[in-house]
Amino acid sequence: MALQSILGPATQLGFVVRNVEAAMRHWIEVFGVGPFVCMEKGVSQPPSVTWMRGEPVTVELKLAFGFMGDVQIELIEQVNHAPSPYTEFLAGGREGLQHLGFWVHDHAAATRAVETAGYKPVYEIRVAGQELPIVYYDSPSLYGPMLELVPPKWRRSREAIARYTREWTGAEPVIRFDTYSDFLAKAGVTFD
């Protein structure tokens, strides 16, 4: 009998780095991972409000996404000093793997399951037009990295990034967009 997780497979490794450009070069040159889809100015401009331990914050990011097999590699560089899981991670003297991301099929059941297992919600990304937030959880020490639960509709964005990387022509190994919102519009991704 195979074990099954209510979360499904881990679909993303999230790395918090001090310099996305240097991190992309490392992943490309050392691990052969790429191309990366890079969002120079984060999710949107102006940046949307997110919630850190229930308090509204404006976190400014530079993001990059690539794939190692079926697992998405997310590189996150926070460019301001707003409180966030990313600044806390760096302030702890760390750089590297910060979270495991799961695109869950049943957001409510997954949320209940991880909270019952001792995970504490820390950070929420609420997106206009979406009823369910992306949630980061502090993990029990036996697990390590934070846990990110991503609602089902966000699979569309992950699939669009995967499509861009699969259709790469072999030119520059970084495909650049101003923001994630610009990428979604160009890729025709909607959340209706």
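This report walks through the helices, strands and aromatic contacts of a predicted model.

**Helix 4 and its surroundings**

Let us start with helix 4, which covers residues 155–166. Its 12 residues reach 16 Å from the first C-alpha to the last, close to the 16 Å expected at 1.5 Å a residue. Which residues of helix 4 are buried? They are R155, S157, R158, A160, I161, A162, Y164 and T165. The cover over these buried residues includes several strands, among them strand 2 (36–39), strand 5 (61–68) and strand 6 (71–78). Strand 7 (96–103), strand 11 (174–177) and helix 5 (180–187) also belong to that cover.

Two residues of helix 4 return in the ring contacts. R158 places its charged end over the ring of W103, 5.5 Å from the ring centre. Y164 has a ring partner in F183, and this pair links distant parts of the chain, with Y164 in helix 4, F183 in helix 5 and their positions 19 residues apart.

**Aromatic pairs**

The structure holds 11 aromatic pairs. One of them joins W27 and F31 in a tilted arrangement. Why are these two about one helical turn apart? Because they lie 4 residues apart in helix 1 (residues 20–31), W27 and F31 are separated by about that much. In general, an α-helix has 3.6 residues a turn, so residues three or four places apart point the same way. Burial separates the two partners: W27 counts as buried at 10% relative accessibility, whereas F31 counts as partly exposed at 48%.

The Y164 and F183 pair is edge-to-face, because the planes meet at 70°, which is over 60 degrees. Here Y164 counts as buried at 18% relative accessibility, and F183 counts as buried at 0%. The two pairs are set out below.

| Pair | Centre to centre | Angle between planes | Arrangement |
|---|---|---|---|
| W27 and F31 | 5.0 Å | 50° | tilted |
| Y164 and F183 | 5.1 Å | 70° | edge-to-face |

Y164 and F183 also belong to a cluster linked by ring pairs, together with F65, W154, F177 and Y180. Elsewhere, the charged end of R126 sits over the ring of W51, 3.9 Å from the centre of that ring.

**Helix 3 and its two ends**

Helix 3 spans residues 107–116, and its buried residues are H107, A109, A110, T111 and V114. Strand 9 (134–138) and strand 10 (146–150) are included in what covers them. At the start of helix 3, a side-chain oxygen of D106 comes within 3.3 Å of the backbone nitrogen of A108. After the helix comes G118, which has a positive phi, near 100°.

**The loop before helix 5**

T179 is located in the loop between strand 11 and helix 5. Is T179 buried or exposed? At 4% relative accessibility it counts as buried, because the cut-off for that class is under 20%. A polar atom of the T179 side chain lies 3.0 Å from the backbone nitrogen of D182. Apart from its neighbours within four places in sequence, T179 is in contact with M39, K41, G42, V43, S44 and Q45.

**Strand pairings**

Strand 1 (residues 12–16) is mostly covered, with 4 of its 5 residues buried. How do its partners run? Strand 1 is parallel to strand 6, joined by 5 bridges, and Q12 has Q72 as its bridge partner in strand 6. With strand 7, strand 1 pairs in the antiparallel sense over 5 bridges, and there G14 is bridged to H99.

Strand 3 (residues 49–52) has side chains that alternate along its length. T50 and M52 point to one face and are buried, while V49 and W51 point to the other and are not. The ring of W51 is the one under the charged end of R126.

Strand 3 pairs with strand 4 (residues 55–58) in the antiparallel sense over 4 bridges, with E55 as the bridge partner of M52. The two strands form a hairpin with 2 residues between them, and R53 in the turn has a positive phi of about 50°. Strand 3 is also joined to strand 8 (residues 120–125) by 2 bridges, and these strands run antiparallel. M52 takes part here too, with Y123 as its bridge partner in strand 8.

How values were computed. Residues are numbered from 1 along each chain as its sequence is written. This is a predicted model: local features need pLDDT of at least 70, side-chain atom pairs count only at pLDDT 80 or more; totals for chains, interfaces and linings use all residues. Side-chain values use heavy atoms; hydrogens and water are left out. The expected span of a helix is 1.5 Å times one less than its number of residues. Buried means under 20% relative accessible area, exposed over 50%, partly exposed in between (1.4 Å probe, protein chains only). Contact means heavy atoms within 4.5 Å. Rings of Phe, Tyr and Trp (its six-membered ring) pair if their centres lie within 6.5 Å; planes under 30 degrees apart count as stacked, over 60 as edge-to-face and the rest as tilted. A charge sits over a ring if NZ of Lys or CZ of Arg is within 6 Å of the ring centre and within 35 degrees of the ring normal. A polar contact is a pair of N or O atoms within 3.5 Å; within protein, one must be able to donate a hydrogen and the other to accept it, and residues adjacent in sequence count only if both atoms are side-chain atoms. Two strands pair if DSSP finds at least two bridges between them.
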